[in-house]
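Biologist: I would like a close look at one part of this dimer model, the place where two helices from separate chains meet. Please keep to what the coordinates give.

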Amino acid sequence: MDSSEAIYNGLKDAGIDFIVSVPCANLSKLLDMIDEDNDITHIPVTREEEGIGICAGAYLGGKKTAILMQNSGLGNSINALKSLMELYEFPLIMIMSHRGTEGENICGQVPMGESTPRILEAMDFRFFKPGNPEAAYEAIFDSWDLSIEEGKPVSILLEISYW
Amino acid sequence: MARREAIVDIMDKIDDEIVVCNIGFPSRELYDIDDRDKNFYMIGSMGLASSIGFGLALARPDNDVVVIDGDGSLLMNMGSLVTVFANNPRNLTWIVIDNGAYGSTGNQDTYAQVIDLCEIAKSVGFKNSFKFEEIDLSEVIKSDDASFIVYDTEPGNSKAPIIDLDPPTIKNRFMDSINS
């Protein structure tokens, strides 16, 4: 399993069948794999917050949902994550390419990247930082049930070193 | 006339459709006028009514979904016009009650007063972009494309009470009704 396959397999084995996305260079291969899978509905969105709303609606209609995005998208989604997802107890897996971590070469990614784990802590949302494909598979596979149990989204942060 | 009468008009045409309703007074008024299990009331996350309705429409292609949105909320999530149009879910009917005001916060003016939302939807590409008074809502709901409808009203809120259901109850009741 390479880094993208581990995420794809984790999502598939968790039963995820509805994914929204805003791209990241690190997510390119994964996005291609999802596009080729006819059993997954994949909706690219204009902004991550919009994607959170779409996932809420899809879950109401019976889908198991995930969002793929950069960690910058967390900043674009905070109110929806609290006052839609947590308020109504919606499950969601959030797969985040965690930019601004060790090895980042774009300075613009660093401020949000450094704050991302602390933002999730402040939101009281569970998150995992798997360091290799096996750990990512396990974390993602477990996240859907954990998210239902918690009544909140669960995040997977994939640092630059992961890829 | 104000929003409440618009919601009465809309609900007169609703049979067994799923309804997703915008945050604040719109949901309170809908709850007061015609509470049904198939209504999803927004309590938070202004702007996302159309996104929630769009996700539902994709997940439930055999159900018709009607979104009751507002002009201020639409302005907060204009990208949704593009995403909905590009995917064109035939079972989604998106109604914007345009009172030119942020009604739930004291009727402050919105920029919708100086633009034409129907023309914007047309320019994005919506074949079905109508004023409510021009159409029969029941027919538009059954059309083969996603539809965008503007219902022009005056600002103003009724005395509708606060919704006395907690959000998980709104969600669970709604899911039970559409999955039964």
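Biologist: Which residues in α3(A) meet which residues in α3(B)?

Modeller: The model is predicted, so local features need pLDDT of at least 70 and side-chain atom pairs count only at pLDDT 80 or more, while totals for chains, interfaces and linings use all residues. Residues are numbered from 1 along each chain as its sequence is written, and chains are lettered from A and ligands numbered from 1 in the order in which they are written.

From α3(A), the residues are A:E50, A:G53, A:I54, A:C55, A:A56, A:G57, A:A58 and A:L60; from α3(B), they are B:S51, B:I52, B:G53, B:F54, B:G55, B:L56, B:L58 and B:A59. Contact here is a matter of C-beta atoms, placed from the backbone, lying within 7 Å. By class, this contact has 10 nonpolar residues, five polar and one charged (nonpolar: Ala, Val, Leu, Ile, Met, Phe, Trp, Tyr, Cys and Pro; charged: Asp, Glu, Lys and Arg; polar: the others, Gly among them).

As for geometry, the axis of α3(A), residues 48-60, comes within 6 Å of the axis of α3(B), and the two cross at roughly 45 degrees. Axes are lines fitted to C-alpha atoms, for helices over the stretch in contact, with angles from 0 to 180 degrees between N-to-C directions. That angle makes α3(A) oblique to α3(B) (under 35 degrees is roughly parallel, over 145 roughly antiparallel, 65 to 115 roughly perpendicular, the rest oblique). The crossing is right-handed, the near helix being turned clockwise from the far one by less than a right angle; anticlockwise would be left-handed.

Now the wider interface. In total, 27 residues of chain B are in contact with 24 residues of chain A. On the chain B side, α3 (49-59), α5 (79-87) and α8 (167-179) each supply at least two residues. Of the side of chain B that touches chain A, α3(B) gives the most, with eight residues. That side has 14 nonpolar, 11 polar and two charged residues.

Within chain B, α3(B) also packs against α5(B), at an angle of about 15 degrees and with the axes 10 Å apart. That makes α3(B) roughly parallel to α5(B), and their crossing is left-handed. Here B:S50, B:S51 and B:F54 of α3(B) meet B:S80, B:T83 and B:V84 of α5(B). This contact has two nonpolar, four polar and no charged residues. B:S51 and B:F54 are thus named in the contact with α5(B) and in the one with α3(A).

For context on the partner, chain A has seven helices and six strands (DSSP runs, H or I of at least four residues for helices and E of at least two for strands, numbered from the N terminus). Along the sequence they follow the pattern α-β-α-β-α-β-α-α-β-α-β-α-β. The C-alpha atoms of chain A fill a box of roughly 40 × 35 × 30 Å, taken along the principal axes.

On confidence, the model scores ipTM 0.98 and pTM 0.98. Chain B averages a pLDDT of 97, with 100% of the residues at 70 or above; pLDDT is the predictor's confidence in each residue, from 0 to 100.

Definitions and conventions
Two residues are in contact if their C-beta atoms, placed from the backbone, lie within 7 Å.
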